[in-house]
Amino acid sequence: MPLLNLGILAHVDAGKTSLTERLLHTAGVIDEIGSVDAGSTTTDTLALERQRGITIKSAVVSFPLDGVTVNLIDTPGHPDFIAEVERVLGVLDGAVLVVSAVEGVQAQTRVLMRTLRRLRIPTLVFVNKIDRRGARDTAVLRQMAQRLAVPLVAMGTAAGLGTRAARFLPGLGPAALEALADQDDDLLAACLDGEVPEARLRRALVAQTRDACVHPVYFGSAITGAGVSELTDGIRRLLPTAAGDPDGPLSGTVFKVERGPAGEKVAYARLFCGTLRVRDRIPFGDSGDVHRGTGIDREARVTDGGVTDGRVTPPRATEGRVTALAVFDHGTDTRADRAGAGRIVKVWGLGGIRIGDALGTPGRSYEHHFAPPTLETVVVPGPGTDRRSLHLALTQLAEQDPLIGVRHDERRGETSVSLYGEVQKEVVQATLADEYGLDVTFRETTTLCVERPVGTGHAVEFNKKDPNPFLATVGLRVDPAPPGTGVAFRLEVELGSMPYAFFKAVEDTVRETLGQGLHGWQVTDCAVAMTHSGYSPRQSHAHQGFDKSMSSTGYDFRGLTPLVLTEALRRAGTLVHEPMHRFRLEAPADTLGALLPVLARLGAVPETAGTHGTACVLEGTVPAARVHALEQRLPGLTRGEGELETAFDHYAPVTRGAVPERPRTDHNPLNRKEYLLNVTRRIGE
């Protein structure tokens, strides 16, 4: 049976989960539609989701649709849980983007649509809540065209807006022909020659939708069911089904990991090729991808796949035996002996599995589509909470969400986590209490900055030459790289000049050391070249065994590399960059005089200004650290009429006030005496 892996995406409270319930009910999978308010929905299975009425974890359900099995993935709408959305995007064949007919386009809507367009995922738009007071149809369609800036094809109009009798009236209007002709020269020529048959128009609609060139728009209500049957028909006709050869080599990607009742890992994966069977022994591991990690000490793993001697560093790979499989069918997951290409599966038995891992032959690489977390907070254990138990619990949470970076400071006995926002912090707190029995609070949230080299720096220390106490020669050069490129490592010495294990020790230590730069922040967007290498071969006394004191070991290279790298960084110099948000602010024009001085004090820089009726629209950038203050000040400055949208945009050099510093959690190679004392003492223990 053909398969379609469909994502439901939206801004918070647009009605995503309610639409999922309606689709399942329409397909006959559930007998009664669940309520988000009552906590009875099918996909919100976590107790916390039911309590708060929001989706936190992505969930998979399935339903049959005219001979096609649809695996429907409900994703969170709150921006604090954007990482859940990110992991789903790589496994989709198509998507439905839900927009509220009342609130219209939100900041999250724009972020999602930009990403869907960049990944060329065929997407339908469902304008929900036409039965609510204040619902709009043509105004929202016009707003989407302006603020999403994508080709849209209205599949009909809405009638009875704002009432329980609101309904969708299907039909392609003249605007549909214009939108389709803009993407198809042959259709444009046919249009100029005369009337275009509707059949040809429909064929063009199918082709362009599947190519992600245009996005059909439906109006309706998930609560009353208006427009849902037409949307369902659009899903069946306009979106492509999953492709893949079940007889080819196994290739899949893990997009979610959870723990079962016994603590065992359960991986959710999309199979792109081949067939997976119970008792199969399969390879899994990194796919040479960028900016991923387990979430533990995330800043120490800027890039798992680097460049060594012009080649990609060999990725982490291991093998495991599949002990059980489940596929999704008729609303739930059912055990199966095998699963073929196109399927979304649950896999048991792969103990070391991580989000983003490839199953079998690496296929599509896992990459970040959204911004990383820009906030950090220290987790404070409450009375009776064991610190080790807390660290273990946070480690397990980081396994399920790699962008929750766990950072442990042994010297201060503190653990901090990186987050997207305050709601996510509340969820972490509740999860630790409900699932692990751990009482915690948090310190004030701070902004996560990064460091970038501003020049080139080179340092080297030679084996058996003072002041180098290690049996190793390491030379490193640090060069700046373009923003967004991460960290690259390469060799400028012969690969055979010493054992490969020593080169690997240097590279791994470089990546770890770059987790804390001259000011304590993660160093990124740089290229590190190894310019000198040397070691002491295995030495032994006559008639005796190996003499460790006279021979180089991995410890020597791991101990020396931080000293050389930090000296190279010191000579290159680094600049601290803070996260910047792009904002769009709409407020009454007569409040502009009060707004502009406040924006200036907060470091916000308006770049464009325009009018929208009696309102003024400002767009520009603002430091992420000042967004919360702006949100708090806005209602008082605009009589409660101001609307603010913000989203992460880029990192920019810190230009105001003192350079922010981050406490170090390592042995501080910036202080040579302290570092050597700590390292040699630990080795001697």
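Helices here are DSSP runs of H or I at least four residues long, numbered from the N terminus. With that settled, open this predicted model and follow along.

**Stop 1: the whole chain**

Start with everything shown as a cartoon. The chain's secondary structure comes to 16 helices and 36 strands. Of its 685 residues, 55% count as buried. Try a contact view too: among contacts between residues at least 6 apart in sequence, 75% join residues at least 24 apart. Switch on the surface, and about 29,200 Å² is exposed, with carbon and sulfur atoms supplying 51% of it.

**Stop 2: helix H4**

Now select residues 107-118, which make up helix H4. How far apart are its end C-alpha atoms? They are 17 Å apart, which agrees with the 16 Å that 12 residues should span at 1.5 Å a residue. Add side chains and you will find H4 mostly covered, as nine of its 12 residues are buried. Among them are Ala-107, Val-111, Leu-112, Met-113 and Leu-116, and the buried set also includes Gln-108 and Arg-110. Step past the end of the helix to Arg-120, where phi is positive, near 55 degrees.

**Stop 3: helix H5**

Move along to residues 138-147, helix H5. Colour Val-140, Gln-143, Met-144 and Arg-147, the buried residues of this helix. Then look down the axis of H5: these buried residues fall within an arc of 100 degrees, so they line one face. Which exposed residues sit on the face turned away from the buried side? Those are Thr-138 and Gln-146. Just after H5, select Ala-149, which takes a positive phi of about 55 degrees.

**Stop 4: a four-stranded sheet**

Next, show strands E28, E29, E32 and E30. They form an open sheet in the order E28-E29-E32-E30, and the pairing is mixed. At the edges are E28 (457-461) and E30 (487-491), each pairing on one side only. From one strand to the next, the twist averages 15 degrees.

Zoom in on E28 and E29 (residues 472-480): these two run antiparallel and are joined by five bridges. For one bridge, pick Glu-461 and its partner in E29, Val-474. Two helices can then be added to the view. H13 packs on the sheet, touching E28, E29 and E32, with its direction at about 35 degrees to that of E29. Helix H12 (residues 500-513) packs on the sheet as well, touching E29, E30 and E32, and its direction makes about 155 degrees with that of E30.

**Stop 5: Ala-529 in the sheet**

Select Ala-529, in strand E32 (residues 526-535). Is this residue buried or exposed? Ala-529 counts as buried because its relative accessibility is 0%. Leaving out residues up to four places away in sequence, Ala-529 touches Gly-475, Leu-476, Arg-477, Arg-490 and Glu-492. Draw a distance from its C-alpha atom to that of Arg-477, and you get 5.2 Å, although the two are 52 residues apart along the chain.

**Stop 6: Leu-560 in H13**

Finish on Leu-560, which lies in helix H13 (residues 554-572). At 0% relative accessibility, Leu-560 too counts as buried. Beyond its neighbours within four places in sequence, Leu-560 is in contact with Glu-461, Asn-468, Phe-470, Ala-472, Thr-473 and Val-474. Glu-461 and Val-474 are the bridge partners from Stop 4. For one last distance, pick the C-alpha atoms of Leu-560 and Val-460: they are separated by 9.8 Å, with their positions 100 residues apart along the chain.

Key
Residues are numbered from 1 along each chain as its sequence is written. This is a predicted model: local features need pLDDT of at least 70, side-chain atom pairs count only at pLDDT 80 or more; totals for chains, interfaces and linings use all residues. Side-chain values use heavy atoms; hydrogens and water are left out. Buried means under 20% relative accessible area, exposed over 50%, partly exposed in between (1.4 Å probe, protein chains only). Contact means heavy atoms within 4.5 Å. The expected span of a helix is 1.5 Å times one less than its number of residues. Two strands pair if DSSP finds at least two bridges between them. Axes are lines fitted to C-alpha atoms, for helices over the stretch in contact, and angles run from 0 to 180 degrees between N-to-C directions. The arc is that of the directions from the helix axis to the C-beta atoms. Accessible areas come from the Shrake-Rupley method with a 1.4 Å probe; for residues, only the protein chains shown count as cover.
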